[in-house]
Amino acid sequence: MKRTTLSLIAGATALAAVTGFAALTAPAGPAAPEAKSPTRLPVERAGLVCPVPSTSEVAETVYTSYTPTAGGTGKGTGSGSGSDKAEPPTARLTLAASATPSGGTAQGGKKPKAPQAPATVTTPGKPVTAEADGATVPALTGSATGTLAPGWTVQQTTVVPAGGARGLLGLSCGAPDTDFWFPAASTAKERQDYVHLTNPDDTAAVADIELYGPEGALKSQFTEGIPVPARSTVPVLLSTLTGETAKPDVTVHVTTRSGRVGAAIGSADEKLGSDWIAAAADPASTAVLPGIPADATSVRLVALAPGDDDADLKVQLVTTAGTIVPAGAGTLHVKSGMTAAVDLPNLTRGEAASLLLTPSDPKKPSPIVAALRVVRGKGANTEVAFIPATPAISARATVADNRAKASTLSLTAPGAAAQVRITASAGSGGGTPVSRTVTVKAGTTTALADLVPQGLKGFYALTVEPVSGGKVYAARTLAAAQDGIPMFTVQTLVDDRGTVEVPAAHQDLGVLD
């Protein structure tokens with residue numbers, strides 16, 4: 001059978017654009033001409049999962065779904081690529097089944113209450129919203145195709161005004177994967193931390209959960225081979241996985257031995273409030289944790305060294321004026337396989353900031369994972385949020401569900417100065433998008449609260465695109481005070497993987513035997 005180099009390259013390019021991955025093996029024979037530089041193409045399909053938002057009867061949840069435009073502020077690009085017979089692009093969420101009562105099965109055999117309207121994006125550049133109330137709202141899975149796939153983002157925001165799980169809980173619904181790290185979890189008596197495993201696929205997945213405390217791996221039971229049925233969600237209470245004494249600081253490692261899942265931890269503290277813990281960046285010797293609010297009253301750093309070597313870390317605070325060493329907390333020693341934690345009192349002193357962790361000795365780097373537990377307020381009027389270490393934005397990142405006078409975007413350039421373009425989309429109910437180019441000085445954090453669409457109605461999205469300079473890390477704080485409680489939630493901005501790198505075609509398109 002005869003094949004051409006062109007057909008092989010075209011097939012690999014199409015596979016990469018759809019799945020985000022492709023491998024291309026050159027045929028044996030004479031040396032091929034020097035390859036051209038790889039190119040980037042928009043992905044043609046993206047998937048996300050949203051966990052069960054709450055088990056509180058008084059919970060009120062809003063889903064905001066958004067796909068950025070290719071040009072940042074322009075209108076959508078139509079109904080997709082391909083022939084006139086191609087299916088129109090879609091970006092929608094659907095209900096996932098619950099495998100346990102705590103995952104959204106109503107009492108009395110009632111069916112879970114679905115969102116009032118499908119959160120379906122029809123045009124890039126315009127957010128859409130859906131609402132769902134109560135304890136029976138299920139997990140959601142979804143996919144986007146065609147021109148709606150690149151950068152598709154869904155934000156799940158829940159208000160629980162009263163009870164043990166009160167708070168403002170926010171989460172950027174995540175892509176399914178096979179490996180997740182969650183520092184800053186807990187098995188303490190005052191905490192109810194559930195890891196939510198959601199399977200978006202048509203075949204079952206099998207997951208494992210490992211717990212690491214201050215003395216190392218916790219003796220666990222029922223943590224291996226946890227089945228997650230197809231298109232279903234399974235919430236697991238962390239404190240039930242071990243018989244050891246309750247630990248205030250635990251790192252959770254979720255992996256799958258077959259299939260893939262979305263994973264997030266819902267944390268409720270009977271004194272401090274509740275929020276989601278999103279997965280931290282993969283283990284690395286340096287970590288950036290952006291978006292600490294200026295009025296934070298308590299900040300606790302939790303880190304794990306998952307490798308064979310201990311990690312000695314230099315702790316620095318990247319403020320609006322420059323990078324400093326926090327008083328009394330300039331270093332942290334993390335033993336191999338153990339979770340270390342330290343309180344950082346009076347950290348921000350009225351300035352928005354980010355935390356930077358680097359090896360104390362650059363010649364002895366050791367990988368770590370890290371997260372912050374941040375508290376606002378005092379006494380009975382407190383609220384908690386979590387900030388995981390996050391990677392730098394390489395091409396573009398978006399966060400949905402922003403609200404006038406309630407959203408603050410934090411940008412951090414721990415190394416060289418950087419320029420970024422920020423776009424505030426049109427509102428879900430109307431408005432005109434606006435863009436601004438911002439320079440973040442070297443070693444500083446910049447906080448923006450005034451970038452809002454003109455004539456805003458409803459909720460809007462913020463998109464960050466690096467223009468030049470060094471690496472930039474970002475987070476968004478959404479605040480909503482209620483009955484004297486300074487409710488808030490922080491979401492780090494992760495690159496949206498809207499494009500995929502594919503190999504360029506060789507010039508030689510000759511026929512091969």
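In the predicted model, L218 is located in the loop that connects strand 14 (216-217) to strand 15 (226-228). Although placed in a loop, L218 counts as buried because its relative accessibility is 8%, below the cut-off of 20%. Its contacts beyond four places in sequence are made with L211, G213, T242, E244, K247 and V250. The loop residue is also related in space to G243: the two are separated by 25 residues in sequence, and their C-alpha atoms are 8.7 Å apart.

Nonpolar side chains form cores elsewhere in the chain. The largest nonpolar core comprises 31 residues, and the members with the most contacts inside it are L289, I292, L301, L355, L357 and L372. Two or more residues each are contributed to this core by strand 20 (287-292), strand 21 (296-304), strand 22 (311-318), strand 24 (331-334), strand 26 (353-359), strand 27 (369-378), strand 28 (381-388) and strand 38. The surroundings of L372 illustrate the arrangement: beyond four places in sequence, L372 touches L289, I292, V299, R300, L301, L355, A385, F386 and I387. A further core of 30 residues lies apart from the largest one and includes F180, A207, A263 and I277. In soluble globular proteins, nonpolar side chains tend to be buried together.

Strand 38, a contributor to the largest core, also belongs to an open sheet of four strands. The strand order in this sheet is 34-30-37-38, and the pairing is antiparallel. Strand 34 (444-448) and strand 38 (488-492) occupy the edges; each has a single partner strand, and therefore one side of each lacks a neighbour in the sheet. Neighbouring strands of this sheet are turned against each other by 20 degrees on average, with direction ignored. Within the sheet, strand 30 (residues 407-413) pairs with strand 34 in the antiparallel sense over five bridges, and S410 stands opposite A447 in strand 34. Strands of a sheet pair through backbone hydrogen bonds, in either a parallel or an antiparallel manner.

Confidence was considered along the chain. The average pLDDT is 87, and 84% of the residues score at least 70. Among the segments of lower confidence, residues 1-28 have pLDDT values that stay under 50, and the model has 40 contacts beyond four places in sequence for this stretch. For residues 101-113, pLDDT likewise stays under 50, with 24 contacts beyond four places in sequence in the model.

Definitions and conventions: Residues numbered from 1 in each chain as written. Predicted model: local features only at pLDDT ≥ 70, side-chain atom pairs only at ≥ 80, totals over all residues. Heavy atoms only, no water. Buried < 20%, exposed > 50% of the residue type's maximum accessible area, 1.4 Å probe, protein only. Contact = heavy atoms within 4.5 Å. Pairing = 2+ DSSP bridges. Axes fitted to C-alpha atoms, helices over the stretch in contact; angles between N-to-C directions. Core = buried A, V, L, I, M, F, W, Y, C linked by side-chain atoms within 4.5 Å. pLDDT = per-residue confidence, 0-100.
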